[in-house]
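Me: I am new to this structure and would like to understand the terms applied to it. Please justify each label as we proceed.

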Amino acid sequence: MILLRKNLIDGEWLGEAGSRNINPSNTNDVVGEYASAGPEEAKQAIAAAKAAFPAWSRSGPLARHAVLKKASDEIMARKDEIGRALAREEGKTLAEGVAETIRAAQIFDFFAGETLRLSGELVPSVRPGVGVELTREGVGVVGIITPWNFPIAIPAWKIAPALAYGNTIVFKPAELVPESAWTIVDILHRAGLPKGVLNLVMGKGSVVGQAMLDSPDINAISFTGSVGTGKRVAAASVEHMRKFQLEMGGKNPFVVLDDADLAVAIDCAINGAYFSTGQRCTASSRLIVTEGIHDRFVEAMKERLDKLVIGDALDGKTQIGPVVDQTQLKQDEDYIAIGRQEGAELAFGGDRLERGTPGFYLQPALFVGSNNAMRISREEIFGPVANVIRVKDYDEALAVANDTPFGLTSGICTTSLKHATHFKRNSEAGMVMVNLPTAGVDFHVAFGGRKGSSYGSREQGRYAMEFYTTVKTAYTFAG
Ligand code: NAD
C-alpha cells in the first residue's frame with residue numbers, strides 16, 4: 001500500500017492523492033502520494049493563519065519555546081529515519097541526509113532559545129518626562145516557499161524563526177520533496193501548535209505558490225529558489241506592499257593560488273563542486289586557478305574524480321548520489337554540450353552512468369580551458385559540473401571571481417595571510433571561505449548573498465529577527 005500524506009489546514013489533515021514522489025536513485029520506487037492543494041485550499045490556509053495570528057503573537061515565550069524544543073528533540077531522536085527518507089526522495093547521500101536532519105534539529109533548538117532572549121530598548125525622549133520604548137512584534141502571516149535541494153534544513157531555517165517571533169505560517173514546499181516537508185509539519189503539529197498557526201499546502205508553484213503571491217493577507221514572504229521565481233515573488237510583493245526576502249542562485253568562485261596546499265585545494269574543490277551532486281546554491285562551479293599550480297591541480301582533480309563512488313543514495317558507500325530528476329539531468333547535459341560548443345575541453349566525466357536500478361546517474365564533469373565569458377561560467381547549472389579558469393595571478397583571480405551577476409559564496413585556497421585577508425575584504429559575496437569549501441555553513445550565524453543571489457535581510461542566527469519582526473516605537477508621557 002502506498003503512503004498518502006495530506007495538507008494541514010487550520011489544524012486538519014485534508015486532501016486526496018494528487019502527486020507521486022519518486023526516488024531518483026530508483027525510479028521504480030514510489031516514496032508516497034501527496035495531496036496537491038489548489039487555490040481554494042491556499043485561501044483557506046491563509047485565512048486560518050490570519051485568524052490564528054492574534055493569539056499566537058501574544059502567546060508567552062514559554063509556549064513557543066516548548067513547541068520548538070519538543071520539535072528539535074523529536075527530529076534529533078529520529079535523525080536516521082528522517083535522514084534516510086530525505087536521501088530517498090532527493091538523492092543526496094545517506095550521510096548528507098542525516099547531517100541535514102541534525103542541522104534542522106539544531107536550528108529548532110537555537111530558535112527555542114531565542115524565544116527566551118527577546119528584548120527591546122528603553123530610551124529617554126528628547127522631550128523631558130517622555131519615555132520611548134522600542135519593541136519587536138511578529139509581522140503577521142508569513143508565506144514560506146522552499147526549493148527541493150535542502151528539503152528539511154531550508155524549511156527549518158524559515159519556520160523556526162517565524163514561529164519563535166510570533167508569526168503564523170502558510171508553508172509551500174517544492175513538489176519534488178514533500179515527504180521531508182510533511183514530516184517537519186507533522187512533528188510541529190504534534191508538538192502542540194494551536195490550529196492555524198502552521199499550515200502546509202503542498203502543490204504546484206504555479207497554482208498554490210501563485211495563490212500565495214496574489215493574496216493581500218500574506219504579510220511577508222520568505223522565498224528560496226531560482227532567480228526567475230524570485231523575481232515573481234518580488235513583483236507580487238511590491239504590488240501588495242509586503243515584506244519579502246529572496247535567496248536565489250549562485251555561480252560561486254573558488255580561487256586556488258600558487259602557494260596553496262594542493263591537498264587542501266583538492267578536498268575543498270571536490271566537496272564544494274560535486275558533493276550533494278553539485279545541487280547546492282553554495283556550490284563552487286567556477287574553479288579559478290593561477291598558472292603555477294594549474295596543471296598539478298587539474299591532474300589531481302581528475303585522479304580524485306576517478307575514485308568517487310557514484311550510486312544509489314541509500315547505499316552507505318556512495319559519495320555522490322543521482323541528479324534529482326529528469327529535468328535537472330537534461331539541464332546538466334545541455335550545459336555540458338554548451339561548454340563543448342563554446343570551446344572548453346571536457347577533462348573528465350559528463351556521461352550518464354548505468355547502475356543496478358533505473359535512476360538519474362551522471363558522472364561528475366570537469367571542464368578545463370574555459371574562460372569567464374562562457375555561458376558555463378556565467379549561468380547556474382545546478383549539477384555536478386564545474387569548470388577551471390586559468391589566471392595569471394591573484395589580482396586577475398579576484399577580478400574574475402567578482403565578475404559575475406551572482407554573489408552568494410566565494411572561496412580561496414592559499415597559505416598567504418596577505419591574500420586571504422585581501423580576498424575576505426574584497427570578494428563581492430555574502431559568505432567568504434578561506435581554505436574551506438564554498439558550501440557548508442554554520443546554523444547559528446547569518447546566511448545570505450549579494451547582487452543577483454539574494455534580496456532583503458539575512459536568514460539564520462540572530463539576523464533572522466530582522467525579517468520575522470517589525471519594530472514598534474512607543475512614546476509615553478507619565479506626567
Ligand atoms: P524554483 O524557483 O523552481 O522553485 C522554488 C519554489 O518556488 C518551489 O516551491 C516552487 O514550487 C515555487 N514556485 C514556482 N513557481 C511559483 C510561482 N509562480 N509562485 C510561487 N511559487 C512558485 O527553484 P528550485 O528548482 O526548487 O530550486 C533550485 C534553485 O534554488 C536554484 O536556483 C538554487 O540556487 C536555489 N537555491 C538557493 C538557495 C539560497 O539560499 N540562495 C538555497 C537553495 C537553493
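Me: What makes Cys 413 buried or exposed?
Reply: This is a predicted model, in which local features need pLDDT of at least 70, side-chain atom pairs count only at pLDDT 80 or more, and totals for chains, interfaces and linings use all residues. Residues are numbered from 1 along each chain as its sequence is written, and side-chain values use heavy atoms, with hydrogens and water left out. Buried means under 20% relative accessible area, exposed over 50%, and partly exposed in between (1.4 Å probe, protein chains only). Cys 413 has a relative accessible area of 0%, and is therefore buried.

Me: Why is Cys 268 not joined to Cys 413 by a bond?
Reply: A disulfide is a covalent bond between the sulfur atoms of two cysteines. Here the term requires a pair of cysteine sulfur atoms within 2.5 Å. The closest cysteine sulfur to that of Cys 268 lies in Cys 413, at 5.3 Å, which is too far for a bond. The count is 0 disulfides. Cys 268 is itself buried, because its relative accessible area is 4%.

Me: Why is Leu 62 called exposed?
Reply: Its relative accessible area is 62%, so Leu 62 is exposed. Leu 62 belongs to helix α2 (residues 61–77), where a helix is a DSSP run of H or I with at least four residues, numbered from the N terminus. Its C-alpha atom is separated by 35 Å from that of Arg 280, 218 residues apart along the chain.

Me: What makes Glu 291 buried, exposed or partly exposed?
Reply: Glu 291 has a relative accessible area of 42%, and is therefore partly exposed. Its place is in helix α10 (residues 291–307).

Conventions: Helices (H or I, at least four residues) and strands (E, at least two) are DSSP runs, numbered from the N terminus.
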